[in-house]
Amino acid sequence: MILKSRFAAPGYVGAVLLAAVVGFALIAPSIVPGDPLSQSLVKSLAGPDAAGPFGYDHLGRSLYHRLAHALRLSPLIAVAAVLTAGAAGLALGAVAAARGGWIDRVLALVADSLLALPGLLMILIVLAIVPGTALGFWAGLSLVLWVEFFRLTRATARSVLASPAVQATRLLGFGPGYVFRHHLWPEIAPVMLTVGAFGMATAIMAIAALGFVNVGMRAPIPELGLMMVELLPYWREAPMALLTPVLAIFTLLLSLILIVGNRS
């Protein structure tokens, strides 16, 4: 009953969609073995067959296998960036709320300064230093995403740390670790999970958007935005080939939004 009350129908739908996407990314290459980089111009824009269940792109590469690898790459970068940003934002937000004074002001100034810059610009600056790599996306997205975790942690921690329960805990001699585990984390965990899901959706959209304008991953790496821009000139000849990465990213984002909406 508790599980049902906390996770309504849209959340279940989102979880099922997300599980389907992750399952496809992990299992699909084992069901139909193949190479996402293998080219065969004879099969250029050809329809589905046993070796390529989703058909082929303009270079005769299997869309089935390219999609499976693309659905591993973007979510993996997004998860790594969200975990890094979440850890940094949580730690810095808790320190700012606990210490206050000049430490709080300096951290808030840094966060506000980064918040004033467009997120894609920050990622582009990092990609200019480390171009076309997962490392560049991870670093750029982490720099953008940690600010929201920091602001929410700082705001929540201020009220929690000033509560009578925390003051009583400190008087009894318990340390910062105990206060974090038993008072701060239970209050902030739901917010962190919601922001994390939003952050993953933001990261996946940013990776696809930059790939679509050819400043993201470099060909021939399978990436959703790059697949779309490669197939766009052939939308008349093979519309389903173009729709394949579009539907994949739509399903992925929809699943995250449904889960986040349910939690909100």
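**Exercise 1.** For this predicted model, state what share of the contacts between residues at least 6 apart in sequence joins residues at least 24 apart.

*Solution.* Take the contacts in the chain between residues at least 6 apart in sequence; 67% of them join residues at least 24 apart. Next, consider the elements: the chain has 10 helices and 0 strands. Finally, consider the extent: the C-alpha atoms fill a box of roughly 75 × 50 × 25 Å along the principal axes.

**Exercise 2.** Describe the packing of helix H3 and helix H9, and identify the residues in contact.

*Solution.* Begin with the geometry: H3 (residues 63–99) and H9 (residues 224–231) pack at an angle of about 140°, and their axes lie 9 Å apart. On the H3 side, the contact is made by Leu 63, Arg 66, Leu 67, Ala 70, Leu 71 and Ser 74. H9 contributes Leu 224, Met 227, Glu 230 and Leu 231. Sorted by class, this contact comprises 7 nonpolar, 1 polar and 2 charged residues.

**Exercise 3.** Determine which residues touch the most other members of the largest nonpolar core, and which helix gives the most to this core.

*Solution.* The largest nonpolar core has 54 residues, of which Leu 71, Phe 137, Leu 141 and Ile 204 touch the most other members. The elements giving two or more residues to this core include H3, H6 (134–161) and H8 (176–212). H3 gives the most, with 14 residues. Now examine Leu 141: beyond its neighbours within four places in sequence, Leu 141 is in contact with Ile 77, Ala 81, Ile 123, Ala 203, Ala 206 and Ile 207. A second, separate core has 8 residues, among them Ala 94, Ala 97, Val 166 and Leu 184.

Methods. Residues are numbered from 1 along each chain as its sequence is written. This is a predicted model: local features need pLDDT of at least 70, side-chain atom pairs count only at pLDDT 80 or more; totals for chains, interfaces and linings use all residues. Side-chain values use heavy atoms; hydrogens and water are left out. Axes are lines fitted to C-alpha atoms, for helices over the stretch in contact, and angles run from 0 to 180 degrees between N-to-C directions. Helices (H or I, at least four residues) and strands (E, at least two) are DSSP runs, numbered from the N terminus. Contact means heavy atoms within 4.5 Å. Ala, Val, Leu, Ile, Met, Phe, Trp, Tyr, Cys and Pro count as nonpolar, Asp, Glu, Lys and Arg as charged, and the others, Gly among them, as polar. A nonpolar core is a set of buried Ala, Val, Leu, Ile, Met, Phe, Trp, Tyr and Cys residues joined through side-chain atoms within 4.5 Å. Buried means under 20% relative accessible area, exposed over 50%, partly exposed in between (1.4 Å probe, protein chains only).
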